[in-house]
Amino acid sequence: MSSSADGTTASLYVPVDCEIIAVSDLTPHEKLFRLRLKNGAPLGHLPGQFVQVSLLGWEEAPISVASSPTRTDYFEMGIRRTGSLTSAMHELTAGDLIGVRGPFGRPFELPKLRGHDLLLISGGCGLAPLRSLIHYCEDRPEEFGALTILYGAKSPGDVLFKDDFALWETSARFACSRTVDQVPEGDCYSGGVGLITSLIPPLEIDPHRTVAVLVGPPVMYRAVIAELKKKGLSSDRIVVSLERHMRCGVGKCGHCTIEHLYCCQDGPVFWLNEIEHLRGAL
Amino acid sequence: MKYLSNEQIPDFFSSLQATHEVRLPIMLPDGTRCLGHPGDGTVALFGGALPAKPTAAFFPHEGPVFVAASEGFTEPSAPEKPLLVVGFTSRDLACLRFIDRFFAEGWRDDIYFRNRQGALVVGVSGYCGPGGASLALADGDCDFELVWDRTRWLVVSHTGAGSAIVEGLAETVSDGTLERLRKEMAVYEDENEKAIRRASELIRADRVPDTFWSEIGDRCIACTGCNLACPTCTCFGVQDWRYAGRVKRSRMWDSCQLDGFMREASGHNPLGTEGLRTRRRIHHKLAADPDRWGEISCFVCGRCDAVCPTGIGIFAVARELIERFGNI
Amino acid sequence: MKRTLTVCPYCGTGCMFYLVSDSGRLIGVEPSTTHPVSRGGLCVKGWNAFGFVHHPDRLTTPLIRRDGKLHPASWDEALGLVAERLREIQERHGADSLMFASSAKATNEENYLLMKLARGVFGTNNIDHCARLCHSSTVTGLAETFGSGAMTNSIDCFDNTDLILIIGSNTTEQHPLIGSRILKAARRGTKLIVADNRLIRLARHADLHLRHNNGSDVALLNAMMQVIIAEGLEDREFIAARCENFEAFAASIADWTPERAAPLTGLQPGEIVAAARLFAGAKRAMIVYSMGITQHSHGVDNVRCCAALAMLTGNVGRPGTGVNPLRGQNNVQGGCDMGALPDVFSGYQKVSDPMVREKFTRAWGVDALPSTPGLPLTRAMDAAAEGKLHGMFFMGENPILSDPDQGHARHALKNLDFLVVQDIFLTETAALADVVLPAACYAEKEGTFTNTERRIQRVRKGVEPPGEAKADWEIICALAKQAGCDKMHYPDPSAVMDEIASVTPIYGGISYDRLDPLGLQWPCPDRDHPGTPILHIGRFNRGKGRFSPVIYRSPAELPDEEFPFVLTTGRTYFHWHTGTMTRRTHLLDREERRSFIEINPDDAARLGVRERDDVLIASRRGSVRAQARITGIVIPGVVFMPFHFTEGAANALTNNVLDPESSIPEFKVCAVQVRKAP
């Protein structure tokens with residue numbers, strides 16, 4: 001909750017000012033925004049949480065934080081141009097102000113992840129929220145066992161965070177694989193081609209030491225979960241982050257419900273066994 | 001026990017306007033009853049539940065979130081005088097209790113409580129239903145209650161604030177009328193309530209196939225009236241309007257019966273078919289809310305059935321569902 | 001908190017609701033629980049009808065074009081300029097070089113006043129409104145056959161009928177509170193025949209769904225009637241007692257066997273026979289139609305066939321029967337009733353009749369009134385394009401999006417010497433105007449609307465108009481004064497209605513004090529008359545009902561190799577016409593933000609188009625981009641597209657070919673090609 005100038009507590013629904021420090025292109029459709037709260041305070045988030053980005057005149061949209069709280073000078077968000085607000089965001093540059101509310105939502109449960117081997121799997125834009133956890137792991141490697149990153153994108157042009165990936169690939173701490181669904185003719189891409197599910201069978205996994213964390217588009221979950229189950233991973237060892245159109249972020253507006261759950265409050269991060277039996281969750 | 005004659009009602013509530021923003025049931029020129037100020041029309045306490053949800057006094061169809069200008073954000077102010085809203089039936093009061101809890105839990109919705117905090121809520125019960133039918137006593141959930149015993153309004157206070165308001169009223173002997181009324185009201189078994197409970201059981205036992213929801217969805221014209229009339233429907237959308245030099249953000253009632261309700265910018269839509277949306281409308285009240293809040297969130301007020309142009313309000317759907325799947 | 005009982009500004013159903021306002025701002029809508037049409041319900045547009053009223057885009061001041069740009073101006077300046085320029089054109093080129101377009105969105109009083117301004121002040125019969133684009137075929141066709149171009153029965157009749165034939169009306173989307181009555185009737189056992197090749201919601205509940213080819217209605221209806229006569233199912237008693245010209249008519253359709261109609265309609269002969277038997281077998285049968293019948297180059301013929309089918313089976317002049325054209329706009333019935341048409345004064349009194357002219361001349365205190373019928377709106381656009389028309393005045397119409405062949409409409413308006421647009425938002429048309437006059441919307445003024453069942457109902461002011469905007473009736477009166485007419489002066493709209501009643505027999509008994517709370521249905525000739533829920537009881541308005549033989553004509557533009565698809569256009573449930581109001585209403589805008597086409601899965605697969613892909617749609621007149629919705633709602637070979645969206649405007653594609661009698665454009669059929677957008 002924010003505070004207004006006269007010291008009274010401002011409404012839950014009033015955003016706080018946030019300055020854009022830098023903007024960079026991730027793909028032709030995605031940009032990375034580096035931001036800082038105008039009052040200088042850290043955002044105070046945990047990996048997996050999101051904020052409601054507010055552009056006056058464009059309403060709000062839920063955006064996952066793509067950076068780790070271990071890096072306190074700033075926070076980052078990867079934003080794909082899909083609707084009117086995100087298109088307006090893409091017009092902004094360093095120095096511009098936006099509004100944010102949050103952080104909101106249930107983060108990745110670090111206490112339950114610590115000490116485990118982590119299988120960090122993402123597809124498409126899902127790498128942005130997962131990056132907050134990957135960076136956390138990078139900064140606190142001692143907290144975890146083996147760290148494996150799997151990433152799938154539609155095509156080489158859709159691959160996000162190429163620079164990050166290059167670092168993770170060279171890091172001794174991570175085992176990385178990535179793939180693209182298809183390569184357009186004439187593209188000089190040289191990496192793997194195939195669905196992300198193809199990356200799982202070759203892995204050697206100890207199902208009793210491993211936790212898999214999945215973030216991706218709705219179509220990805222079922223297929224990847226099926227592969228993970230073949231590896232002996234049970235539902236209480238699989239974490240998913242669900243994309244819903246959270247509009248208020250605080251469990252009131254009703255747009256993100258999954259049966260009795262409010263994705264913005266009870267999620268977006270869930271253990272698979274909490275939601276796999278719920279209609280429409282996956 | 002206090003009481004008011006029916007003739008005293010308008011003056012009594014008018015007199016409260018000095019200290020409260022009073023809204024009470026009035027009769028409009030075409031015979032529609034609604035919440036209005038004393039003096040806006042003839043007081044219309046008789047006739048049962050108001051057609052529009054009385055909870056709208058606290059959470060209106062459209063209301064401001066803030067106005068943003070160069071000097072900062074201006075939030076809507078609380079009403080100058082606390083609201084005093086008359087006309088809640090016991091079922092409406094159960095709805096109000098439910099949404100009070102909903103808006104308070106977790107993040108507290110300050111916009112709702114700006115109107116709700118400090119407001120006085122007045123119930124109506126006794127033989128003041130449609131055509132003199134009986135309305136169950138609330139026996140709580142409000143500050144005070146007007147109970148029509150066919151000759152006068154017994155005034156029963158349930159809170160200190162309620163007692164303070166009715167303090168000056170005439171006293172009547174405690175002749176057991178209230179107890180008698182309570183017993184008389186209790187013998188009526190509400191068929192609709194039974195249907196709602198049974199339908200809830202069937203849905204929660206997974207006895208209702210998807211084809212049923214699609215069939216009901218075929219009869220839905222997506223007017224959204226069921227949601228807008230429902231006192232426990234609280235979903236809202238947000239709208240920004242850009243004026244010269246300022247942006248006004250407001251929120252308005254939304255409806256899960258619209259395709260755009262859950263549709264994401266990518267096109268993905270967890271409620272992407274009429275059948276799923278129809279299921280959501282009923283399932284949410286009869287199965288999801290019991291899971292989350294421990295109670296069915298349809299309090300049998302009947303508004304969605306009254307407002308639905310095609311006859312698929314929750315009672316109608318519950319009855320059809322029981323008829324088809326109740327004896328399998 | 002204030003509640004104002006008024007009429008919904010969207011479709012012609014005429015639901016009434018209360019506008020809820022607080023401190024001068026609308027905050028919601030509550031349905032009237034006693035209203036005979038809406039009965040406590042509303043559709044999604046009605047529930048959201050308050051949503052655009054305070055929109056920041058509202059026009060708040062008159063605008064005058066200087067150096068190519070629109071600049072704020074005072075009312076005196078703007079109206080002075082309008083009067084001066086219109087007079088100038090009138091003097092230089094003659095009164096008939098001016099055209100006035102009235103509005104089916106405006107009140108009866110406003111339509112009457114604009115009609116009076118055109119005829120009485122500027123001396124031209126060039127006055128028309130968008131009824132030209134929707135039900136002019138009805139007005140012509142039913143006037144000829146029945147003697148009155150309006151819905152014969154009442155909405156209540158849907159509760160008590162045995163069969164409803166819905167042909168060319170997507171009733172649950174376009175007249176939702178009537179559509180829901182039909183849905184409920186079907187649940188109670190009323191038979192439904194839906195003749196429409198789109199799989200509309202009512203078709204899912206129909207006993208018989210005829211997916212006939214676009215524009216083959218005459219073939220279908222003639223063949224149904226041929227079967228009825230061949231099988232002896234007609235109502236001979238009714239025909240003998242009430243109708244004329246039956247023998248000639250019967251002869252004209254004798255060879256319209258189902259086998260002949262089958263290839264034209266794309267139906268099996270058996271389907272046509274089944275429909276004929278089902279229809280003729282009903283004790284009470286209602287025909288419901290809308291734009292699917294009227295918006296054709298043979299729209300009047302389609303209407304004649306509907307009228308003939310009803311007469312043939314004795315389904316006129318009784319409860320639960322009739323020919324029921326559902327009027328599109330909130331006040332398109334009233335716009336016609338008020339004589340915002342080139343050939344009639346209010347109450348369909350012909351301008352060519354000297355007695356009628358004499359009456360209006362006296363009532364209005366003018367020297368003379370023009371006697372030659374003026375130009376229909378569609379013909380006026382052609383005249384403007386040809387340079388034969390010099391000044392146009394549009395009240396609440398947006399022809400750039402609503403008229404056929406957008407390129408043609410744009411050229412026509414740009415070709416004018418002077419264009420005035422009076423509206424509530426700066427529409428695509430207003431953006432081209434020389435003068436823009438800011439109007440109050442429905443929620444900001446007093447007046448009456450007449451719904452599709454001829455029910456005259458009160459419109460009331462809930463809030464003040466924004467800025468300097470004024471009600472249309474006030475603007476028209478002020479303009480009349482600027483133009484030198486001192487006789488158009490009224491204290492309020494009720495005084496206008498009193499004048500209307502005094503010169504309009506069908507409205508003779510209408511007065512504001514009689515309209516509370518539920519309105520009156522015309523004809524209502526005097527103050528003691530209770531109104532007329534059902535027309536033609538015992539006798540047709542014209543005396544005998546006339547069977548008018550019809551010769552089948554195909555649509556003007558059929559698909560060919562280059563343009564292989566039939567494009568049919570219409571509205572969606574969430575938007576209204578050119579989107580000026582609904583696209584500025586949050587929930588409605590959210591539902592549908594983009595222009596789209598419905599395309600059959602087979603066609604989409606052939607074209608390599610996937611759901612939500614962008615496609616390019618081109619006709620001989622233009623090309624637009626829209627999103628593909630792949631759906632079995634449309635049959636292979638047909639695409640449907642709504643005309644609400646300025647980006648992806650369906651009317652950039654449509655064919656400006658007109659029905660020779662009613663001058664209605666053929667919005668429902670033109671040939672297009674579709675391909676995946678690069």
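How many bridges pair strand β2 (residues 16–22) of chain C with β3(C), and in which sense do the two strands run? They pair in the antiparallel sense, over six bridges. Strands here are DSSP runs of E at least two residues long, helices are runs of H or I at least four long, and both are numbered from the N terminus. Two strands count as paired if DSSP finds at least two bridges between them.

A word on the model itself comes next. It is predicted, so local features need pLDDT of at least 70 and side-chain atom pairs count only at pLDDT 80 or more, while totals for chains, interfaces and linings use all residues. Residues are numbered from 1 along each chain as its sequence is written, and chains are lettered from A and ligands numbered from 1 in the order in which they are written.

Back to the sheet in chain C. β2(C) and β3(C) belong to an open sheet of three strands, in the order β1-β2-β3 with antiparallel pairing. Its edge strands are β1 (2–7) and β3 (25–31) of chain C, each of which pairs on one side only. From one strand to the next, the twist averages 30° (axes are lines fitted to C-alpha atoms, for helices over the stretch in contact, with angles from 0 to 180 degrees between N-to-C directions). At the residue level, C:D22 sits opposite C:R25 in β3(C). In general, strands of a sheet pair through backbone hydrogen bonds, either parallel or antiparallel.

UniProt has a label for this part of the chain: an unreviewed entry places the feature "domain: 4Fe-4S Mo/W bis-MGD-type" at residues 1–57 of chain C. UniProt positions follow the numbering used here, feature names are shortened, and annotations may be inferred rather than shown by experiment. That span is 7% helix and 35% strand, with its end C-alpha atoms 25 Å apart.

Zooming out, chain C has 23 helices and 30 strands. Its radius of gyration is 24 Å, close to the 26 Å that the globule rule gives for 678 residues, so chain C is as compact as a globular protein of that length. The radius is taken over C-alpha atoms, and the rule is 2.2 Å times the number of residues to the power 0.38. Along its principal axes, the C-alpha trace of chain C spans about 70 × 65 × 55 Å. The domain assignment splits chain C into domain 1 (2–47), domain 2 (63–129 + 332–521), domain 3 (152–325) and domain 4 (565–676); such bounds come from an automatic or database domain assignment. The C-alpha centres of domain 1 and domain 4 of chain C lie 30 Å apart.

Chain B has eleven helices and twelve strands. With 328 residues, a compact globule would have a radius of gyration near 20 Å, and the 21 Å of chain B agrees. The C-alpha trace of chain B spans about 65 × 65 × 40 Å along its principal axes. For residues 178–205 of chain B, UniProt lists "coiled-coil region" in an unreviewed entry. That stretch is 82% helix and 0% strand, and its end C-alpha atoms are 40 Å apart.

How do the chains meet? Of the two pairs of chains that touch, B and C have the most contacts, where a contact means that the C-beta atoms of two residues, placed from the backbone, lie within 7 Å. Here 39 residues of chain B are in contact with 37 residues of chain C. On the chain B side, β3 (33–36), β5 (62–69), α8 (225–229), β11 (236–243) and α10 (303–307) each supply at least two residues. The largest share, five residues, comes from β11(B). Chains A and C are not joined by any contact, and their closest C-alpha atoms lie 11 Å apart.

Chain A is divided into domain 1 (16–104) and domain 2 (110–241). The C-alpha centres of these two domains of chain A lie 23 Å apart, and the contact between them takes 15 residues from domain 1 and 15 residues from domain 2. Chain A also has an open sheet of six strands, ordered β4-β3-β6-β1-β2-β5 with antiparallel pairing. Its edge strands are β4 (59–64) and β5 (75–80) of chain A, and the twist averages 40° from one strand to the next. Within chain A, four bridges join β1 (residues 16–25) to β6 (residues 97–104), which run antiparallel; A:C18 stands opposite A:I98 in β6(A).
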